[in-house]
Amino acid sequence: MSGKVDATVLEKIRENFENEKSLTNKDVENLFLAIDILNRDLQEQHKLTIRLFNAYILNFFTYQEKSKRTMNTSLPEKDQLNNYVFGLVGEVGEVVDLLKKFFYHGHEVDSNRLKSELGDILWYVSAVASLFNINLQEIAQGNVEKLERRYPEGFSSEASNGREG
């Protein structure tokens with residue numbers, strides 16, 4: 001048994017056990033292998049279920065709705081927009097600074113800090129989109145569709161030369 005459970009072997013073991021026939025050492029070995037394989041399969045299914053659940057729970061729509069609660073809606077709309085645009089530019093500057101230090105100063109990229117700064121950028125993008133009643137999920141879907149049109153076979157230097165839009 002290598003990676004798959006042989007149902008006929010398991011059925012034979014079950015029948016022998018139920019009929020109180022003795023099990024061979026090979027039967028017991030096969031049974032433990034089957035249990036191990038099934039257990040690993042269940043663990044993989046569990047991990048996949050968690051990933052799917054998390055993807056369902058936190059998609060762009062949900063993220064945008066949750067991030068709205070921390071927007072400063074007490075400001076007039078134009079002031080909110082200024083605040084979010086300046087914040088966005090500042091956060092992009094933080095990412096650029098991290099990468100500059102990587103490229104030119106020999107620093108390692110602190111992935112936790114980079115993740116945090118990219119999260120801040122996402123928040124500001126979400127805030128600007130929310131001000132204009134634009135759905136992040138639609139933005140993401142539209143962007144994926146645009147990239148699929150531009151690069152139907154995936155990115156290549158050839159495909160990027162002379163592309164429009």
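The following paragraphs describe aromatic pairs and two individual residues in a predicted model. Local features are reported where pLDDT is at least 70 and side-chain atom pairs at pLDDT 80 or more, whereas totals for chains, interfaces and linings use all residues. Residues are numbered from 1 along each chain as its sequence is written, and side-chain values use heavy atoms, with hydrogens and water left out.

The aromatic rings come first. Rings of Phe, Tyr and Trp (for Trp, the six-membered ring) are taken to pair if their centres lie within 6.5 Å; planes under 30 degrees apart count as stacked, over 60 as edge-to-face, and the rest as tilted. By this rule, the model holds five aromatic pairs. One of them joins Tyr84 and Trp123 in an edge-to-face arrangement, with 5.6 Å centre to centre and 80° between the planes. Tyr84 belongs to helix H4 (residues 77-105) and Trp123 to helix H5 (residues 111-131), so this pair ties together parts that are 39 residues apart in sequence. Helices here are DSSP runs of H or I with at least four residues, numbered from the N terminus.

How accessible are the two partners? Both can be placed on a scale of relative accessible area, computed with a 1.4 Å probe on protein chains only, in which buried means under 20%, exposed over 50%, and partly exposed in between. Tyr84 is buried, at 1%, and Trp123 is also buried, at 18%. A further edge-to-face pair is formed by Phe102 and Phe103, with 5.2 Å centre to centre and 70° between the planes. Of these two residues, Phe102 is partly exposed at 37%, while Phe103 is exposed at 59%. Ring pairs also link Tyr84 and Trp123 with Tyr124 into a cluster.

Helix H5 also contains Ser130. This serine is buried, with a relative accessible area of 12%. Contact here means heavy atoms within 4.5 Å. With neighbours within four places in sequence left aside, Ser130 is in contact with Gln64, Lys68 and Met71.

The last residue to consider is Leu23, which lies in the loop between helix H1 (7-18) and helix H2 (25-57). Its relative accessibility of 29% makes Leu23 partly exposed. Once neighbours within four places in sequence are set aside, the contacts of Leu23 are Ile13, Asn16, Phe17 and Val28. For Ile13, the separation from Leu23 is 10 residues in sequence and 7.2 Å in space, C-alpha to C-alpha.

Notes. Helix = DSSP H or I, 4+ residues; strand = E, 2+ residues; numbered from the N terminus.
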